[in-house]
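This report covers two topics: the protein surface around a DNA strand, and the contact between two protein chains.

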Protein chains: 2
Amino acid sequence: MNPKQMERFLKTIGDQSRLQLLKALEQKPLCICDLNTLLDVSQPAISQHMHRLKSDEIVLNERRGRWVFWSLNDSHPHYLLLQELLKLLPVPTIECSQEENRCK
Amino acid sequence: MNPKQMERFLKTIGDQSRLQLLKALEQKPLCICDLNTLLDVSQPAISQHMHRLKSDEIVLNERRGRWVFWSLNDSHPHYLLLQELLKLLPVPTIECSQEENRCK
DNA sequence: TGAATATATAAGTCTTAGCTTATATGCTAT
DNA sequence: ATAGCATATAAGCTAAGACTTATATATTCA
């Protein structure tokens, strides 16, 4: 891994919004609308953050009907390192909507 | 540790220049003029990078005569984590000047 | 003291990143 | 098919960051 690649990885996870999103996904897969209750930013902002994380293969996504569920990619080469970092963060409060059994 | 603090830490180490500087210091303490041979940037740029690292207590510095020697702070709370990251980087070529036994 | 060397600081430029609002697309169910 | 909800994309704004050059400060030594 060269310095430029490591910079890219660290910049992707080195954002307080994305860190909180990742921490929330540590518990279970969530859709954008659930993640949206976590941070005080717009829906497009959440979507953009998740796509940034996906472009580095740190998260995976999967459409289920109207919703797209996002999860941590435990096959990422630095998944263990990421876990170490997330351990240091407080567990966020997710207002996970109950309707339609979205949060399986 | 809150998300903002972790963001700060990751942004401080999440720069390809600073990563290479840190990797060089893994070997031994070095002064700005030696570190300057490592990267293709100006002397003030190196100085600014080192002060950014120092402001987060990732490195220490110590003046010895005309030179200021910089070293990794192995007492930093995330020193182990940093070591894990640096392991992934290639060892850089440092043109360490021999004069005056600077590189002890 | 003053020249030479090492480092730090100041100020300005340019790019990137994280947001916003507006709008488009995708899916479901009536 | 169309309304409604979930998500994505586009475009633009603003601030932060990584550099530059110019200059100031610190230290040594003749």
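## Surface near DNA strand D

In this predicted model, the surface near DNA strand D (residues with a heavy atom within 4 Å of it) has 10 nonpolar, nine polar and six charged residues. Here Ala, Val, Leu, Ile, Met, Phe, Trp, Tyr, Cys and Pro count as nonpolar, Asp, Glu, Lys and Arg as charged, and the others, including Gly, as polar. α4(A) gives the largest share, five residues; helices (H or I, at least four residues) and strands (E, at least two) are DSSP runs numbered from the N terminus.

Of the 25 residues around the strand, A:C33, A:Q43, A:S47, B:S42 and B:H49 come nearest. Sugar or phosphate accounts for 68% of the strand D atoms within 4 Å of the protein, and bases for the rest.

## Phosphate contacts

A side-chain N or O atom of A:S47 is 2.9 Å from a phosphate oxygen of DNA strand D. For B:R18, a polar side-chain atom lies 3.0 Å from a phosphate oxygen of the strand. A:I32 places a backbone N or O atom 3.3 Å from a phosphate oxygen of strand D.

## Contact between chains B and A

Each chain enters the contact (heavy atoms within 4.5 Å) with 21 residues. About 2,000 Å² is buried between chain B and chain A, 75% of it on carbon and sulfur atoms; buried area is the accessible area (1.4 Å probe) lost by two parts on being put together, summed over both. B:P3, B:M6 and B:L10 supply 28% of what chain B buries against chain A.

## Basis

Residues are numbered from 1 along each chain as its sequence is written, and chains are lettered from A and ligands numbered from 1 in the order written. Local features need pLDDT of at least 70 and side-chain atom pairs count only at pLDDT 80 or more, while totals for chains, interfaces and linings use all residues; side-chain values use heavy atoms, leaving out hydrogens and water.

Key
Polar contact = N/O pair within 3.5 Å; in protein donor to acceptor, adjacent residues only side chain to side chain.
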